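Colleague: Please take a close look at one helix in this model and at what surrounds it. Keep the wording simple enough for a first-year student.

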Amino acid sequence: MTQKVAVLGTGKIGEALLSGMIRGGWAPADLLVTARRAERAEDLRTRYGVTPVTNAEAAKTADTLILTVKPQDMGTLLDELAPHVPADRLVISGAAGIPTSFFEDRLAAGTPVVRVMTNTPALVDEAMSVISAGSHASEADLAHAEEIFGAVGKTLRVPESQQDACTALSGSGPAYFFYLVEAMTDAGILLGLPRDKAHDLIVQSAIGAATMLRDSGEHPVKLRENVTSPAGTTINAIRELENHGVRAALIAALEAARDRSRELASGTK
């Protein structure tokens with residue numbers, strides 16, 4: 001792979017992407033990084049053999065720019081990059097809520113932009129990355145983004161109009177599962193189990209359930225029914241979940257996350 005790729009604002013997700021790309025066959029010599037702190041950039045060089053550069057140098061040198069700074073910092077970064085980004089550079093944004101038009105309006109006319117929403121399981125190569133094309137992005141640009149993000153998990157193309165929903169469902173999704181595991185662990189302690197045993201029971205149950213969902217092809221209702229025997233323990237638990245409005249609470253939570261993604265797109269902080 002001879003194209004140079006630069007990751008700008010290399011935090012945890014950016015670093016996970018770098019390490020995944022190297023495992024996937026990218027040469028460290030073809031990977032550039034920028035970081036706010038010099039010691040952070042030097043640490044990345046030491047660990048991965050990549051080349052730290054300034055944002056301006058990345059814009060001038062790399063064929064693909066992956067922008068992983070926080071949404072509130074993206075405007076400042078684009079102001080810095082704009083004078084140096086030729087129209088043939090592929091720009092990939094990993095910022096939640098910011099539409100491709102935000103980048104297209106600030107960069108050279110015709111610059112291809114691809115919007116990607118990934119999530120923290122990129123740290124263990126199990127990310128779900130959702131990819132959308134901007135006005136000038138080609139099939140080759142989308143395929144290149146898939147190649148990059150495929151190094152840390154699964155990818156899915158969607159129309160950009162669906163990105164806010166995907167951010168609520170998948171981008172924020174791991175936090176909901178961590179929250180559920182936290183609550184179930186507390187319940188296990190209440191029921192008399194030591195914390196470590198409750199944690200192991202729940203985590204392995206979650207892994208098993210997720211694997212069944214992924215590999216069986218069965219609808220989740222069918223899988224749930226297979227566990228739910230008449231007048232048994234599971235149906236009593238399900239009744240309590242329904243009585244406490246857990247399903248409605250989840251729907252409301254995802255709507256709130258989607259609405260916040262829309263607020264970020266409109267510039268609301």
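Modeller: A residue counts as buried when its relative accessible area is under 20%. This is a predicted model. By that cut-off, the buried residues of helix α1 are Gly 14, Glu 15, Ala 16, Leu 17, Leu 18, Ser 19, Gly 20 and Met 21. Among the elements that cover these buried residues are the strands β1, β2 and β4 (64–67), along with the helices α2 and α6.

The length of α1 can be checked. At 1.5 Å a residue, its 12 residues should span 16 Å, and the C-alpha atoms at its ends are 17 Å apart, so the two values agree. After the helix comes Gly 25, which has a positive phi near 120°.

Next, the core to which α1 contributes. The largest nonpolar core has 26 residues, and the members that touch the most others are Ile 66, Ile 92, Val 114 and Ile 148. At least two residues of this core come from each of β1 (5–8), α1 (12–23), β2 (31–34), α2 (38–48), β5 (90–93), β6 (113–117), β7 (127–133) and α6 (139–149). Separate from this core is another one of 20 residues, which includes Ala 59, Met 74, Ile 98 and Leu 107.

Val 114 shows what such a core member touches. Setting aside neighbours within four places in sequence, Val 114 has contacts that include Leu 90, Val 91, Ile 92, Ile 131, Ala 137, Leu 142 and Ala 145. The polar residues Ser 93, Ser 132 and Asp 141 are also in contact with Val 114.

Methods: Residues are numbered from 1 along each chain as its sequence is written. This is a predicted model: local features need pLDDT of at least 70, side-chain atom pairs count only at pLDDT 80 or more; totals for chains, interfaces and linings use all residues. Side-chain values use heavy atoms; hydrogens and water are left out. A nonpolar core is a set of buried Ala, Val, Leu, Ile, Met, Phe, Trp, Tyr and Cys residues joined through side-chain atoms within 4.5 Å. Buried means under 20% relative accessible area, exposed over 50%, partly exposed in between (1.4 Å probe, protein chains only). Helices (H or I, at least four residues) and strands (E, at least two) are DSSP runs, numbered from the N terminus. Contact means heavy atoms within 4.5 Å. The expected span of a helix is 1.5 Å times one less than its number of residues.
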